[in-house]
Amino acid sequence: MNHSVKIEIDPESGFCFGVTSAIEKAESELAEGGPLYCLGDIVHNSDEVERLRAEGLQTISHLDLSQLHNVRVLLRAHGEPPETYRIAERNSIQVIDATCPVVLQLQRRIKTTYHRPNPPQIVIYGKAGHAEVNGLVGQTDGQAIVIDDASDLSDIDFSRPIALYSQTTKSLDGYRSMCARITSLSRYPDSVECHDTICRQVANRAERLRRFASAHSVVLFVSGKKSSNGKVLFNHCRDANSRTHLIANASEIDPQWLIKATSVGICGATSTPRWLMEQVHHSVAQILQSPGNIEI
């Protein structure tokens with residue numbers, strides 16, 4: 001092995017507080033025995049979902065939920081709309097609520113805004129159909145407008161007051177840009193409320209990851225394909241280092257990426273488990289130890 005090649009896992013990558021808490025709740029409930037269901041993937045990482053499935057956690061859909069009775073169902077960190085709780089109560093389902101506290105606070109703020117006398121038009125900067133966004137829109141009886149880029153702005157009535165909120169894992173720069181754009185388009189700019197509801201544990205990772213990516217010659221960013229946060233953070237890494245590669249797990253490493261690497265950085269999304277990054281570290285070390293796999 002060429003011992004000059006440093007392999008480092010970013011110490012601050014991996015599960016955010018909300019995801020860690022949800023997984024700990026799942027493991028605690030599984031330890032008690034009996035069936036445990038999770039409404040949707042507990043985290044947007046198929047390897048971690050599979051690990052917990054092997055321990056007994058069964059992923060179900062909203063359609064499945066409406067047909068279940070007298071069972072335990074875990075609600076993941078992304079949060080759920082009010083209708084989910086109504087179905088659970090109607091079907092005598094025991095809810096294990098693992099909604100992230102940051103998301104829960106955001107849901108309450110949006111609900112409060114929606115129930116004001118003469119409420120403003122509620123706009124959510126986020127990905128339509130995303131689990132967290134579905135929960136946020138649910139606080140407004142489905143009335144909130146979801147925007148992800150400039151092409152969605154035509155859905156907004158700029159002659160009315162507007163309250164802008166954000167999905168907690170969106171880009172801070174993207175949110176600020178959207179706030180400025182909406183304010184400039186409004187007929188009454190003073191009536192536009194911009195509420196920065198991006199999770200700082202996520203937002204602050206972007207700059208740290210840029211520094212981490214810049215410090216290595218090759219970067220392997222480990223993330224599930226469904227992770228919105230993963231896509232955002234991967235792009236930050238790639239902007240800082242063009243030799244950044246997105247992988248779901250160790251099986252997707254191309255040895256040719258490591259050609260002439262002097263250091264390899266391994267990092268990931270808020271939905272990436274530490275054990276997965278450690279497997280990638282182990283695989284990189286093996287590749288670098290195997291003559292003929294790679295030119296160094």
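What follows is a friendly conversation about a predicted model and how its parts fit together.

Biologist: Before we start, which pLDDT do local features need in this predicted model?

Modeller: Residues are numbered from 1 along each chain as its sequence is written, and side-chain values use heavy atoms, with hydrogens and water left out. In this predicted model, totals for chains, interfaces and linings use all residues, side-chain atom pairs count only at pLDDT 80 or more, and local features need pLDDT of at least 70.

Biologist: Let's begin with charged side chains: how many salt bridges does the structure hold?

Modeller: A salt bridge here is a side-chain nitrogen of Lys or Arg within 4 Å of a carboxyl oxygen of Asp or Glu. Counted that way, the number of salt bridges in the structure is 15.

Biologist: In which helix do glutamate 55 and arginine 51 lie?

Modeller: Helices (H or I, at least four residues) and strands (E, at least two) are DSSP runs, numbered from the N terminus. The side chains of glutamate 55 and arginine 51 form a salt bridge, with N to O at 3.0 Å. They are four residues apart, which means about one helical turn separates them, and their helix is H2 (residues 46–55).

Biologist: Is arginine 51 buried, partly exposed or exposed?

Modeller: Buried means under 20% relative accessible area, exposed means over 50%, and partly exposed is in between (1.4 Å probe, protein chains only). Glutamate 55 has a relative accessible area of 41%, so it is partly exposed. Arginine 51 has 26%, so its class is partly exposed.

Biologist: How many residues apart are arginine 86 and glutamate 83?

Modeller: These two side chains also meet in a salt bridge, 3.0 Å from N to O. Arginine 86 is partly exposed at 46%, and glutamate 83 is partly exposed at 36%. Both sit in helix H4 (residues 82–90), about one turn of the helix from each other, and their spacing in residues is three.

Biologist: How many residues apart in sequence are the parts that glutamate 252 and lysine 225 tie together?

Modeller: The closest N and O atoms of this salt bridge are 3.2 Å apart. Glutamate 252 is in the loop between strands E11 (244–247) and E12 (263–268), while lysine 225 is in the loop between strand E10 (218–222) and helix H9 (228–240), so the pair ties together parts whose separation in residues is 27.

Biologist: Which residues do shared salt-bridge partners join into one network?

Modeller: We have already met two of the members, since glutamate 55 and arginine 51 bridge each other. With the shared partners followed through, the network is Glu27, Glu48, Arg51 and Glu55.

Biologist: Now the sheets: which strands stand at the edges of the one ordered E1-E12-E10-E11?

Modeller: Two strands pair if DSSP finds at least two bridges between them. This open sheet has four strands with parallel pairing. An edge strand has a single partner, so one side is left without a neighbour in the sheet, and that describes E1 (6–9) and E11.

Biologist: At about what angle to E1 does helix H10 run?

Modeller: Axes are lines fitted to C-alpha atoms, for helices over the stretch in contact, and angles run from 0 to 180 degrees between N-to-C directions. Helix H10 (residues 274–289) lies across E1, E10, E11 and E12, and its angle to E1 is about 175°.

Biologist: In the sheet ordered E7-E6-E8-E9, which residue is the bridge partner of tyrosine 125?

Modeller: This is an open sheet of four strands with parallel pairing. Strand E6 (residues 121–125) and E7 run parallel and are joined by three bridges. The partner of tyrosine 125 in E7 is isoleucine 147.

Biologist: Which residues of H2 do Ile23, Glu27 and Leu30 in H1 meet?

Modeller: The axes of helix H1 (residues 17–31) and H2 come within 10 Å and cross at roughly 15°. That makes H1 roughly parallel to H2, a label for angles under 35 degrees (over 145 is roughly antiparallel, 65 to 115 roughly perpendicular and the rest oblique). Contact means heavy atoms within 4.5 Å, and the H2 residues met are Glu48, Arg51, Leu52 and Glu55.

Biologist: Last one: is the crossing of H8 and H9 left-handed or right-handed?

Modeller: H8 and H9 pack with their axes 8 Å apart, at an angle of about 35°. A crossing is left-handed if the near helix is turned anticlockwise from the far one by less than a right angle, and right-handed if clockwise. Here, the crossing of H8 and H9 is right-handed.
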